Amino acid sequence: MTLNSILFSETPSIPTQEIHLPVLTARECTLSILREDQLHPIISGNKYRKLKYNIEKARNANCTTLLTFGGAYSNHIAAVAGIGAMFGFKTIGIIRGEELAKKYDSNPTLSYAETQGMKLEFISREIYRQKEDAGYIELLRKKYTETYIIPEGGTNSLAVQGCAEILTSDHEKYDVICTSVGTGGTLAGLVESSYSHQTVLGFSALQGTFQKKTVKQYTTKTNFSITDAYSFGGYAKIDEQLIRCINNFREDTGILLDPVYTGKMVFGILDLIEKGYFKKNSRILAVHTGGLQGIPGMNQRLKQRNLPQIIV
């Protein structure tokens, strides 16, 4: 029995919501949001896509434990904890930052992961940088037997295979496909399944466009680009301008965005439309990759900084 058949009684239909804003009319473009955030209440968006085939492989290999890596507000950590609890896996989260060990119970993401049975192991940032080193991975395999190890962010060949299923024949009519970018796995899957007339534009949530290397590992197609012009200074960094965009978009469309990924993507898309970046009559499809679980934690940080809250 496949993960898809267990989670869903039938193949899910992902709605596409057309956006109506004055800037789109003025610039003669259309924008639609693919609501992958509505895929599943716990494992939503690209996290379901990335984990789908990995979980099946872990089950077929009779692994009893899922081990993965992430930071304080990681959507991936929350998703692995949730799916592990659903399917009877033990879960282990290797968490970046030793200082979090004393205060993780006030962190909504990490406390949720713990309630789902995940064992949290906090390590220094120096050691965390070894997360892809063969020697370090081997040490983890010896320490935790019968364990299936999933990379940070979930990106591997099976994750890309799952993300390639985001686009269907229904999306052939679009000229530009947009997505937020973390590790690059979702972008790689979208590029691989895109049509020849389409351009795929990635909005990096981090400074730099290093994810190009990852994308090229999984596809020979070159119809993509990545911009970090809307990273707001780096991963999980946010300011009042971005908060205002997220809240205004929610008020205008009813769509809630997360501040780490999709908020930055939509901010970038609207700014590029305003600047005339897209050709006249461009049909743009933006993928909502979920990640809404991180909003409570971000709102805690915003409150500490006396900044406006993200309206949920």
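**A walk through the chain**

With 312 residues, this chain would have a radius of gyration near 20 Å if it were a compact globule, and its value of 19 Å agrees with that. Keep in mind as you look around that this is a predicted model. Along its principal axes, the C-alpha trace spans about 60 × 45 × 35 Å.

Let's see what the chain is built from. You can find 13 helices and ten strands in it. How do distant parts of the sequence meet? Among contacts between residues at least 6 apart in sequence, 74% join residues that are at least 24 apart.

Now think about inside and outside. Of the 312 residues, 57% count as buried. The accessible surface comes to about 14,200 Å², and carbon and sulfur atoms account for 48% of that surface. As for charge, the chain has 35 positive and 30 negative charges, and the mean positions of these two groups are 4 Å apart.

Next, step into the interior. In soluble globular proteins, nonpolar side chains tend to be buried together. Here, the largest nonpolar core has 47 residues, and those with the most contacts inside it are L51, L66, L110, L120, I177 and L187. Helix 4, residues 75-87, gives the largest share of this core, with six residues. A second, separate core has 41 residues, including I33, C245, V266 and A286.

Take I177 as a place to pause. Which residues does I177 touch, not counting those up to four places away in sequence? Its partners are L167, L190, Q198, T199, V200, L201, L285 and V287.

Finally, try two glycines, each in a loop. G97 is in the loop between strand 4 (90-96) and helix 5 (108-115). Is G97 buried or exposed? Its relative accessibility is 0%, so G97 counts as buried, the cut-off being under 20%. Leaving aside neighbours within four places in sequence, G97 is in contact with F122, I123 and R125. Y128 lies 31 residues from G97 along the chain, and their C-alpha atoms are separated by 8.2 Å.

G276 sits in the loop between helix 12 (262-274) and strand 10 (283-287). With a relative accessible area of 43%, G276 is partly exposed, because that class covers values from 20% to 50%. G276 and Y112 are 164 residues apart in sequence, and in space they are 42 Å apart, C-alpha to C-alpha. So the two glycines make a handy pair to look up in the model: G97 is buried, while G276 is partly exposed.

Note on methods:
Residues are numbered from 1 along each chain as its sequence is written. This is a predicted model: local features need pLDDT of at least 70, side-chain atom pairs count only at pLDDT 80 or more; totals for chains, interfaces and linings use all residues. Side-chain values use heavy atoms; hydrogens and water are left out. Helices (H or I, at least four residues) and strands (E, at least two) are DSSP runs, numbered from the N terminus. The radius of gyration is taken over C-alpha atoms; the globule rule is 2.2 Å times the number of residues to the power 0.38. Buried means under 20% relative accessible area, exposed over 50%, partly exposed in between (1.4 Å probe, protein chains only). Contact means heavy atoms within 4.5 Å. Accessible areas come from the Shrake-Rupley method with a 1.4 Å probe; for residues, only the protein chains shown count as cover. Lys and Arg count as positive and Asp and Glu as negative; His and the chain ends are not counted. The place of a charge is taken as NZ of Lys, CZ of Arg, CG of Asp or CD of Glu. A nonpolar core is a set of buried Ala, Val, Leu, Ile, Met, Phe, Trp, Tyr and Cys residues joined through side-chain atoms within 4.5 Å.
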